[in-house]
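Please open the structure in your viewer and keep the selection tool at hand. The stops below go one at a time, each with something to select and a note on what is found there.

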Amino acid sequence: MPDEPEETYEEEGADERFDATGLASVVSVDRREDVAAICGRVDASPTFAVVIHAPGGNRPLSTELGMRRLQRHAEDSGRVVAIATSNTALASRARQVGIPVARRPDHIRWDSAGKRVVRVVGRSW
């Protein structure tokens with residue numbers, strides 16, 4: 001009948017902010033946030049690829065143990081992680097273990113794990 005309202009079904013627990021067209025989720029972390037909390041936020045992200053955005057760095061993550069814990073957790077959960085930061089200590093530690101690094105989340109090169117990427121006029125090599 002034309003007078004009946006159209007039924008819509010929503011998935012239980014669906015988040016309205018989730019955009020299924022996005023390729024990677026960006027998780028913003030604080031300087032003092034511990035590795036376990038970061039791993040929990042990686043688990044809660046809706047996409048396969050996760051960019052950890054730490055603009056000022058993250059002390060627990062910039063240690064060798066913290067970076068290995070993050071990498072192992074990402075592998076165990078079936079996710080791919082990258083780090084966006086301007087902190088040189090965190091960036092070099094991530095490159096050592098083979099995690100892609102960029103200064104901004106939208107400049108991540110997923111194929112450049114452990115390498116330095118130079119951006120020139122909107123291009124990157």
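Begin with the second largest pocket, whose lining, sorted by class, has 2 nonpolar, 5 polar and 3 charged residues. To see this lining in the viewer, which is showing a predicted model, select Arg 31, Arg 32, Gly 56, Gly 57, Asn 58, Arg 59, Ser 62, Asn 87, Ala 89 and Leu 90. The pocket that these residues line has a volume of about 160 Å³. If you wonder how such a space is found at all, rolling a probe the size of a water molecule over the atoms shows where empty space is left.

Next, clear the selection and colour the protein chain by secondary structure, which should bring out 3 helices and 6 strands. If you follow the chain from the N terminus on, the elements run β-α-β-α-β-α-β-β-β. Of the 125 residues in this chain, 30% count as buried.

Now turn to the charged side chains, among which the count comes to 3 salt bridges. Select Glu 33 and Arg 41 together, and you will find their side chains meeting in a salt bridge, with 3.1 Å from N to O. Is Glu 33 buried or exposed? Glu 33 counts as buried, because its relative accessibility is 16% and the cut-off for buried is under 20%, whereas its partner Arg 41 is partly exposed, with a relative accessible area of 34%.

Move on to Arg 104 and Asp 106, which form a salt bridge whose closest N and O atoms are 2.9 Å apart. Here Asp 106 is exposed, at a relative accessible area of 55%, while Arg 104 is partly exposed, at 44%.

Then select Arg 109 and Asp 111, whose side chains meet in a salt bridge of 3.0 Å, N to O. In this pair Asp 111 is exposed, with a relative accessible area of 52%, and Arg 109 counts as partly exposed, at 23% relative accessibility.

For the last stop, switch on the surface and select Phe 48, Val 80 and Trp 110, which form a nonpolar patch there. Together these three residues have about 280 Å² of accessible area. If you then pick out Val 80 alone, you will find it in strand E3, which covers residues 80-84. Val 80 is partly exposed, with a relative accessible area of 31%, and it can belong to the patch because residues of a patch need over 30%.

Definitions and conventions. Residues are numbered from 1 along each chain as its sequence is written. This is a predicted model: local features need pLDDT of at least 70, side-chain atom pairs count only at pLDDT 80 or more; totals for chains, interfaces and linings use all residues. Side-chain values use heavy atoms; hydrogens and water are left out. Patches are made of residues with over 30% relative accessible area and no salt bridge: like charges are joined within 9 Å, nonpolar side chains (Val, Leu, Ile, Met, Phe, Trp, Tyr) within 5 Å. Accessible areas come from the Shrake-Rupley method with a 1.4 Å probe; for residues, only the protein chains shown count as cover. A salt bridge is a side-chain nitrogen of Lys or Arg within 4 Å of a carboxyl oxygen of Asp or Glu. Helices (H or I, at least four residues) and strands (E, at least two) are DSSP runs, numbered from the N terminus. Buried means under 20% relative accessible area, exposed over 50%, partly exposed in between (1.4 Å probe, protein chains only). On a 1 Å grid over the protein atoms alone, a cavity is a set of points where a 1.4 Å probe fits but cannot get out, and a pocket is an open set with protein on both sides within 12 Å along at least five of seven lines; lining residues have an atom within 4 Å of a point. Grid points are joined across faces, edges and corners, and a volume is the space filled by probe spheres set on the points. Ala, Val, Leu, Ile, Met, Phe, Trp, Tyr, Cys and Pro count as nonpolar, Asp, Glu, Lys and Arg as charged, and the others, Gly among them, as polar.
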